[in-house]
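User: Please walk me through this model. I will ask short questions and want short reasoning.

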Amino acid sequence: MPSPAASQSSDEALAEVLAEPVSFRVTVPATSANLGPGYDCMGVALELFDVVDVSARPRAAAGRAQVKVEVHGEAADSLPRDETHLIVALVGRILREHGHRLPDLTLQAHNRIPHSRGLGSSAAAVACAVAIASHLIPGGLSSDEQLQIGSRIEGHPDNYVPALRGGAAVSWQQGDRFDTAPLMLDEQIRAVVSVPDFQQSTAAARGSLPKTVAHHVAAANSARAALLVHALTADPARLFDATEDRLHQEQRRAQFPASMALVDALRAAGHAAVISGAGPTVLVLAAGDEAADIAADQMRRCGGLAEERWMAMRLPISTAGVTVDPYPR
Ligand SMILES: Nc1ncnc2c1ncn2[C@@H]1O[C@H](COP(=O)(O)OP(=O)(O)O)[C@@H](O)[C@H]1O
Ligand SMILES: N[C@@H](CCOP(=O)(O)O)C(=O)O
């Protein structure tokens, strides 16, 4: 999870960002990162959306901004309702970096993306914050600024970029800048996920990876990642070979043995199964509807045998990334 570094101290000197109240709705998709060998660089947006209704007003009083957050759905019981809420804190940080202070803000968050399951909830929150800040700042943030700011906050661009722009992408870091190229998915590509009832923090999963890998391991992973681009864009029949990872899944097995057991069972049956993001959700990339339905059935059968509860579902690829629309009346 990104560190929001929330602070409203000494923001009296900063400019008011709004002259008039504004209301708008932000919609942001879930994402699945890595896709097997594309560790920290590949991801795809999925049609499972968080929706945040935003009402922002010039500050009514001196001192701190008045912030009110309502949370519905995922983590409604545990997320903060004040300026420490991740989205609010990130909006404040981005505005401050652009010379503005946080306005009075009311957020109504309708959370549908499950947290700490490898479906990019934190990347979605970052994309949401970037979209809100861009909507508030006069003239907005350029597309490149949005890419740089959110990738820097999230620390790895693989799921932030599809949350921002939709579809699938390969993204990378060059010095302190991020760049990305869209992957034009073959029309047969389908995504099926099985989401368990237990969580895995991305930070903890990242902490469990070794600092170095052997040269032959890196070479083998490069071949599969390159093949994955080919399979996703031109030749879905290659998805099984293309989704073999050497960099992170086996290394994290101890963190989510049940997920790895499901990946093993699905792969033994010929499905292109991988850990979604840093887990514990399992993703199958399938070629066509029939293969996707078979994978979903198999996931349900395996899930039914497990101690944990799993929910298998097909999720269409989202061509839309984060969007800002007028607040519906
Ligand atoms: N919509 C949201 N609003 C507020 N905080 C969020 C939101 N989404 C994610 N988070 C924060 O991010 C954490 C999950 O981040 P992370 O461990 O990276 O998992 P994920 O794979 O879901 O991105 C949550 O526990 C919560 O603290
Ligand atoms: N490349 C990252 C992806 C994390 O995705 P998330 O959806 O679990 O936050 C990693 O594998 O650590």
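User: Which residues does the UniProt annotation "domain: GHMP kinase C-terminal" cover?
Analyst: The model is predicted. The annotation comes from an unreviewed UniProt entry. The span it marks is 44% helix and 17% strand. Its end C-alpha atoms lie 21 Å apart. The residues covered are 244-302.

User: Where does ligand 2 lie with respect to domain 1 and domain 2?
Analyst: Domain 1 comprises 15-181 + 318-326, and domain 2 comprises 189-314. Both give residues to the shell around ligand 2, so the ligand lies between them.

User: Which helix gives the most to the shell around ligand 2?
Analyst: Strands E2 (22-34) and E3 (38-57) each supply at least two shell residues, as do helices H4 (157-165) and H5 (202-207). The top contribution is three residues, and it comes from H5.

User: How many residues of that shell are charged?
Analyst: There are 17 residues around ligand 2, and Ala33, Gly118, Thr202, Gly277 and Ala278 come nearest. By class, the shell has five nonpolar and nine polar residues. The charged ones number three.

User: What arc holds the buried residues of H6?
Analyst: Helix H6 runs over residues 215-233 and reaches 27 Å from its first C-alpha to its last, close to the 27 Å expected. Asn221, Ala225, Leu228, Ala231 and Leu232 are buried there. They line one face of the helix, because seen down its axis they fall within an arc of 120°.

User: Which residues of H6 are exposed on the other side?
Analyst: Buried positions in H6 include Leu228 and Leu232. On the other side, the exposed residues are His215, His216, Ala219, Ser222 and Ala226.

Definitions and conventions
Residues are numbered from 1 along each chain as its sequence is written. Chains are lettered from A and ligands numbered from 1 in the order in which they are written. This is a predicted model: local features need pLDDT of at least 70, side-chain atom pairs count only at pLDDT 80 or more; totals for chains, interfaces and linings use all residues. A residue is near a molecule or strand if its C-beta atom, placed from the backbone, lies within 6 Å of it. Helices (H or I, at least four residues) and strands (E, at least two) are DSSP runs, numbered from the N terminus. Ala, Val, Leu, Ile, Met, Phe, Trp, Tyr, Cys and Pro count as nonpolar, Asp, Glu, Lys and Arg as charged, and the others, Gly among them, as polar. Domain bounds come from an automatic or database domain assignment. UniProt positions are given in the numbering used here, feature names are shortened, and annotations may be inferred rather than shown by experiment. The expected span of a helix is 1.5 Å times one less than its number of residues. A residue is buried if 20 or more other C-beta atoms lie within 10 Å of its own, exposed if 12 or fewer, and partly exposed in between; C-beta atoms are placed from the backbone. The arc is that of the directions from the helix axis to the C-beta atoms.
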